[in-house]
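Hi there,

Here is the structure I promised to pass on to you. Have a look at it first, and then read on for what turned up.

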Amino acid sequence: MSTSAPDPDVREDLTVTADQARDLVRAALLGYGEAEAELAARALVSAQASGWPEFGLNLLLRDLAGLPSSPPPAPSPNPGAVAVLDGAGLPGPIALARAALLAEQRAQTAGIGAVGVRDATGTGRIGAYLRPLAERGRLALTCAQSRPIVAPYGGQRAVLGTNPVAVACPATPPVVIDFATSTASLAQVRRQAEAGEPLPPAAALDADGLPTQDPASVATLLPEGLLGSLMGLTAEMLAGLLVGGRDFGPDGARGLFVLVLDPAAFGVGDLAKRGTALAQEWAAAGGHVPGASPEPSTCTVAEPIWAALQTAASAQRTGDPA
């Protein structure tokens with residue numbers, strides 16, 4: 001599906017309900033499969049409603065602008081607990097949604113499902129793709145790697161991407177952990193640059209390997225401490241080495257890794273009940289329970305983005321390329 005990329009900076013902002021946004025995104029992505037479109041729409045609108053359009057509808061439109069008008073056919077991976085998908089020709093959100101759903105299917109039969117994706121584009125906030133799986137009783141993990149922009153802890157040269165990691169556990173509501181392994185994300189760097197604001201201290205280095213808070217001078221990002229550096233390395237081993245994402249495809253495409261576990265295979269009983277008890281104990285001890293806050297019911301969308309999505313959705317309904 002090809003559609004022109006709108007300029008989100010030439011705009012009037014619209015306020016729409018999250019349901020309206022999900023309906024429109026789902027319609028625009030329907031050609032990639034109903035279940036994939038539903039999960040991708042939920043993840044993208046979650047990011048949009050949380051104030052991160054760079055990980056929401058803006059990301060989707062940027063992907064759709066560079067894709068062929070006819071979606072590639074869905075693959076038929078070999079049976080078994082493990083599968084690898086090709087993300088080329090797919091919007092990144094569809095690639096991750098397809099991987100998550102396939103891993104869930106494999107977990108239903110084998111107790112565990114592990115799916116990798118090669119040559120994927122941007123996906124946005126990866127934890128949002130796992131939340132529905134946790135709502136259905138699955139324990140899930142995903143991570144992503146991308147082109148090198150982050151130095152190792154104590155280093156000065158980029159070796160890893162921002163390499164986010166996410167885990168979702170059944171609970172009421174689900175516990176969803178989602179974090180980048182770098183001190184700042186590239187989206188944050190761009191935002192700070194546009195706003196003319198400095199980055200936090202110890203977030204980045206310039207081309208000479210010296211600390212900088214100037215977003216325009218950033219050559220390398222720094223990891224979120226030693227733990228963040230090691231988690232980024234872990235994501236690289238899974239999504240980069242095991243899946244093959246480190247063999248970078250065109251335009252810096254990335255690798256994705258999804259692991260889904262069926263609690264029934266482990267004989268632990270009602271994991272959601274146990275997860276809820278853990279979350280309550282965590283909160284009682286003064287901890288913040290990630291994923292516990294309700295998602296906003298409305299979101300703000302740049303008018304050109306909304307109009308372009310309407311065009312893409314209309315093309316899906318009529319069968320004409322956008």
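Where is the place of N163? N163 sits in the loop between strand 4 and strand 5. Please keep in mind as you read that this is a predicted model. Phi of N163 is near 40 degrees, which is a positive value in a residue other than glycine. Is N163 buried or exposed? Its relative accessibility is 0%, and because buried means under 20%, N163 counts as buried.

The loop between strand 4 (139-145) and strand 5 (165-169) also holds Y153. Y153 has a relative accessible area of 52%, so it is exposed, the cut-off being over 50%. Together with L226, L230, L233, M237 and L241, Y153 makes a nonpolar surface patch of about 610 Å².

Further along, have a look at P173, which lies in the loop between strand 5 and strand 6 (175-179). What kind of peptide bond joins T172 and P173? It is a cis bond, with omega at about -5 degrees.

Next comes helix 6, which spans 186-195. Which of the residues of helix 6 are buried? They are A187, V189 and Q192. A general point about helices may help you here: an α-helix has 3.6 residues a turn, so residues three or four places apart point the same way. The buried residues of helix 6 pack against strand 8 (220-221). Just after the helix comes G196, and its phi is positive, near 65 degrees.

The loop between helix 6 and strand 7 (204-205) is a good place to compare two neighbours, A202 and A203. A202 has a relative accessible area of 58%, so it is exposed. A203, with a relative accessibility of 0%, counts as buried. Phi of A202 is near 60 degrees, again a positive value in a residue other than glycine.

What do these two residues touch, once the residues up to four places away in sequence are set aside? A202 touches T183 and L222. A203 is in contact with T183, A184, L221 and L222. Two C-alpha distances are worth trying on screen as well. A202 and T212 are 10 residues apart along the chain, and their C-alpha atoms are separated by 7.6 Å. For A203 and Q188, 15 residues apart along the chain, the separation is 11 Å.

Finally, the aromatic rings. How many aromatic pairs does a search of the whole structure find? It finds 1. The rings of W52 and F55 have their centres 5.6 Å apart and their planes at 20 degrees, so the pair is stacked, as planes under 30 degrees apart count as stacked. W52 is partly exposed, with a relative accessible area of 25%, and F55 is partly exposed too, at 23%. W52 has another partner to look for: the charged end of R191 sits over its ring, 3.9 Å from the centre.

If you would like a place to begin, try finding W52 and R191 on screen, and then go on to A202 and A203.

Enjoy exploring, and best wishes!

Key: Residues numbered from 1 in each chain as written. Predicted model: local features only at pLDDT ≥ 70, side-chain atom pairs only at ≥ 80, totals over all residues. Heavy atoms only, no water. Helix = DSSP H or I, 4+ residues; strand = E, 2+ residues; numbered from the N terminus. Buried < 20%, exposed > 50% of the residue type's maximum accessible area, 1.4 Å probe, protein only. Contact = heavy atoms within 4.5 Å. Phe/Tyr/Trp six-rings, centres within 6.5 Å; stacked < 30°, edge-to-face > 60°. Lys NZ or Arg CZ within 6 Å of the ring centre and 35° of its normal. Patch = residues over 30% accessible without salt bridge, like charges linked within 9 Å, V, L, I, M, F, W, Y side chains within 5 Å. Areas by Shrake-Rupley, 256 points an atom, 1.4 Å probe, with all protein chains shown as cover. Salt bridge = Lys/Arg side-chain N within 4 Å of Asp/Glu carboxyl O.
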